[in-house]
There are 4 protein chains.
Amino acid sequence: MVAEDEQTQLDVNETRETGRLEAFSDGVFAIAITLLILEIDVPLHSEHLARDLLHEWPSFLAYALSFLVILVMWVNHHAVFRLIGRINRPFMMLNGLLLMVITFINYPTAVLADYLTSSHADTALQFYNGTFLIMAILFNALWRYASRDARFFVADADPDTVAAINRAFRFGPLMYGISFLLAFISVPLGLATNIGLAIYYAIYSL
Amino acid sequence: MVAEDEQTQLDVNETRETGRLEAFSDGVFAIAITLLILEIDVPLHSEHLARDLLHEWPSFLAYALSFLVILVMWVNHHAVFRLIGRINRPFMMLNGLLLMVITFINYPTAVLADYLTSSHADTALQFYNGTFLIMAILFNALWRYASRDARFFVADADPDTVAAINRAFRFGPLMYGISFLLAFISVPLGLATNIGLAIYYAIYSL
Amino acid sequence: MVAEDEQTQLDVNETRETGRLEAFSDGVFAIAITLLILEIDVPLHSEHLARDLLHEWPSFLAYALSFLVILVMWVNHHAVFRLIGRINRPFMMLNGLLLMVITFINYPTAVLADYLTSSHADTALQFYNGTFLIMAILFNALWRYASRDARFFVADADPDTVAAINRAFRFGPLMYGISFLLAFISVPLGLATNIGLAIYYAIYSL
Amino acid sequence: MVAEDEQTQLDVNETRETGRLEAFSDGVFAIAITLLILEIDVPLHSEHLARDLLHEWPSFLAYALSFLVILVMWVNHHAVFRLIGRINRPFMMLNGLLLMVITFINYPTAVLADYLTSSHADTALQFYNGTFLIMAILFNALWRYASRDARFFVADADPDTVAAINRAFRFGPLMYGISFLLAFISVPLGLATNIGLAIYYAIYSL
């Protein structure tokens, strides 16, 4: 359908290819979000099960937070891909790096869950929010790469949508940067910012 | 194809988008249902393997029960999405919360498997059935949100199907509410209700 | 597109629905086959890593065997679904039970890997082959249910394909029944039958 | 659409079937790449969490390396399938063997992560690179089988693309063969080659 352009034949540049990459990405998002639950440990030989389950609250909180963040990232990823009609190799690799970080979130989530009530809560939260900061920066890089001169956009990409994503994406790394810094100052404040951001993005954001 | 309506551009509102959300949800359902098996432990250094495998019956029972519940939920989710032609951001987030609970089922399943033959079986079953109750309530909320004034329905949504789902969904939280309460009164009775409900829903329900 | 027939509206009976069920099943097959690797343990603090990795051969063998079995089952499942144009609720539930057993294979695989070189190898192999026997019986039930009077077939279902599947499926439970029985007589013989069956099916079978 | 040819009916040979096999393969790739994160352990009861997380660097390195390798393999797999219009049973089984190795990568990745800083680093790296060598050979076999006489190609398969894949695929097993041999000579050199290859392939390769 789409005419071959002057790129090399191995460049992946058609709508069908974009759909394929999005489907693969969707699969990684779906798996990453579902694997989070495996990191919550069942209390062993508990004598007070109800109490011990309540004591797992950092695991439940970290689970819910990371689930929301990955869910919002999936929604945003999807919004970006609605505008994209062609891709190339660097775009695929930037997207791959983003997926690597999305998948990686599982690990700092488990670290945060295990250490949130310890004296190392600050380190755990810095690790957790540092991961989100890298994620936000990579997502920005992907967007900037794709939107420069609108070169990868579909013909009917809506300018208002593009402007809205531009605004939202400037905001993201800043917010995650702030919550990363807050993790060095105060764990409760940093965590509260995380919760606030997750809920805000779930409701309002792109 | 579908004309843009007066919603903001970032609202996700076309048939293609609905299909995408359903595919993502299907992925999460498929992964959540498959991960259940990872929670069954292999007996370590067993001297009587056959006997020790039989002693894992609470794990097998919890596995089969949760598998059936998630399977039925997938079928129902699918039946609802057949009627849906457009979605918006709150619908996506309600659906995300539902997926969070579906994924979470893995954990109370593992808790129930580990504690069903202990003196804490009641707590484990309350946790298990409490999760199902929240799941049923969220699914109801999703349905009510989507079906109010039939606003998200496809043009040819069948009124009989809508009525049937309305009847079935009123029944769901009530049944899971009862099995949740029974877990406080009698573990065998509560568990029997779980088994009965799972089989009933597998055979008859929406 | 497809005209509604006289079944109740909640019956799932169109081509689109069949495709959806197949996609969900494909997802479960893909996840089940990929999770197998998680059951192989990394040797802890090994002093002779090469030797200890070689000692994991029962895990590698069980992994390869189960991978092949699930792969062949996926191919067969797919061949059956190529003939199917409509489904109903009992068919969906039979298919769900089959998926439950496919997913369950992970567990007897881990048991076989852990006990193949122990004095309980016979029990482990009986458990392993018993699972395959149940799988083969369920797959037969699914096929018989769908093919009775060709009621769920697409209009252009090829009679030769149907006959070939009929022949192959009569063979399956018999073969798995024999390998199940052999596990009671001789572990090496039973295991050799498993390997032979897996390779035979991979090359020739439906 | 495509006319049935003279192969047996059970041969799978249409475009729809190719798409189905590719979707299944994509699912396995997506799951295999996402499961990698589960192999990184959270430090237990750490007294110096930041230091202990830094000590996990072999896990992070092995994670990133394997993620990149699987990602590039997915891109390549995809490039090959773009040319393929028909498949048969042996092709499906070769593809299945390739997927088995892709899934297996998880295990040598975990072994490398656990033993990279031990005196058994050489064995771990040989195991890791040996797996990649087998993967490269299997992928070559799949390509040769499919491209012989262009028999499985779509009608409009681009000769330049075919030539480019031919060149790239001759290169792959050679490179992985060299990095496998280097693991016997020097772990740092072997590992550096791995990193270089992963980055090279991510940027340039097919």
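Just after helix H6 of chain D, Asp149(D) adopts a positive phi of about 55 degrees, in a model that is predicted. The helix that precedes this residue covers residues 121-147 of chain D, and its 27 residues, at 1.5 Å a residue, should span 39 Å, which agrees with the 39 Å that separates its end C-alpha atoms. The points below go from the single chain to the packing of its helices, and then to the relations and contacts between copies.

**Chain A as a single unit**

- Chain A contains 8 helices and 0 strands, and from the N terminus on its elements accordingly follow the order α-α-α-α-α-α-α-α.
- Taken along the principal axes, the box filled by the C-alpha atoms of chain A has dimensions of roughly 70 × 35 × 25 Å.
- Among the contacts in chain A with a separation of 6 or more, 80% join residues that are 24 or more positions apart.
- Of the 206 residues in chain A, 46% count as buried.

**Burial of helix H5 in chain A**

- Helix H5 of chain A, which comprises residues 106-115, is mostly covered, with 10 of its 10 residues buried.
- The buried residues of H5(A) include Asn106(A), Thr109(A) and Asp114(A), and Tyr107(A), Pro108(A), Leu112(A) and Tyr115(A) are also among them.
- Ala110(A), Val111(A) and Ala113(A) are likewise buried in H5(A).

**Packing of H6 and H7 in chain B**

- In chain B, helix H6 (residues 121-147) packs with helix H7 (residues 159-185) at an angle of about 160 degrees, and their axes are 8 Å apart.
- Because an angle over 145 degrees counts as roughly antiparallel, H6(B) and H7(B) are described as roughly antiparallel to each other.
- The crossing that H6(B) and H7(B) form is left-handed.

**Chains C and D**

- Chain C is superposed on chain D, with an RMSD of 0.0 Å, by a rotation of 90 degrees that has 0.0 Å of shift along its axis.
- These two copies are thus related as by a four-fold rotation axis.
- The contact between the two chains involves 27 residues of chain C and 27 residues of chain D.
- On the side of chain C that touches chain D, the elements giving two or more residues are helix H1 (15-35), helix H2 (49-54), helix H3 (57-83) and helix H7 (159-185) of chain C, and the largest share, 7 residues, comes from H3(C).
- Only 11% of the interface residues of chain C are also interface residues in chain D, so these copies meet through different surfaces.

**Chains D and A**

- A turn of 90 degrees, with a shift of 0.0 Å along the axis, lays chain D on chain A with an RMSD of 0.0 Å.
- Here, too, the copies use different surfaces, with 11% of the contact residues of chain D recurring in chain A.
- In this pair, 27 residues of chain D are in contact with 27 residues of chain A.
- The side of chain D that touches chain A receives at least two residues from each of helix H1 (15-35), helix H2 (49-54), helix H3 (57-83) and helix H7 (159-185) of chain D, and H3(D) provides the largest share of this side, at 7 residues.

Notes
Residues numbered from 1 in each chain as written. Chains lettered and ligands numbered in written order. Predicted model: local features only at pLDDT ≥ 70, side-chain atom pairs only at ≥ 80, totals over all residues. Helix = DSSP H or I, 4+ residues; strand = E, 2+ residues; numbered from the N terminus. Expected span 1.5 Å × (residues − 1). Least-squares fit on C-alpha atoms with pLDDT ≥ 70 in both. Contact = placed C-beta atoms within 7 Å. Buried ≥ 20, exposed ≤ 12 C-beta atoms within 10 Å, placed from the backbone. Axes fitted to C-alpha atoms, helices over the stretch in contact; angles between N-to-C directions. Parallel < 35°, antiparallel > 145°, perpendicular 65-115°, else oblique. Left-handed = near helix turned anticlockwise from the far one by under 90°.
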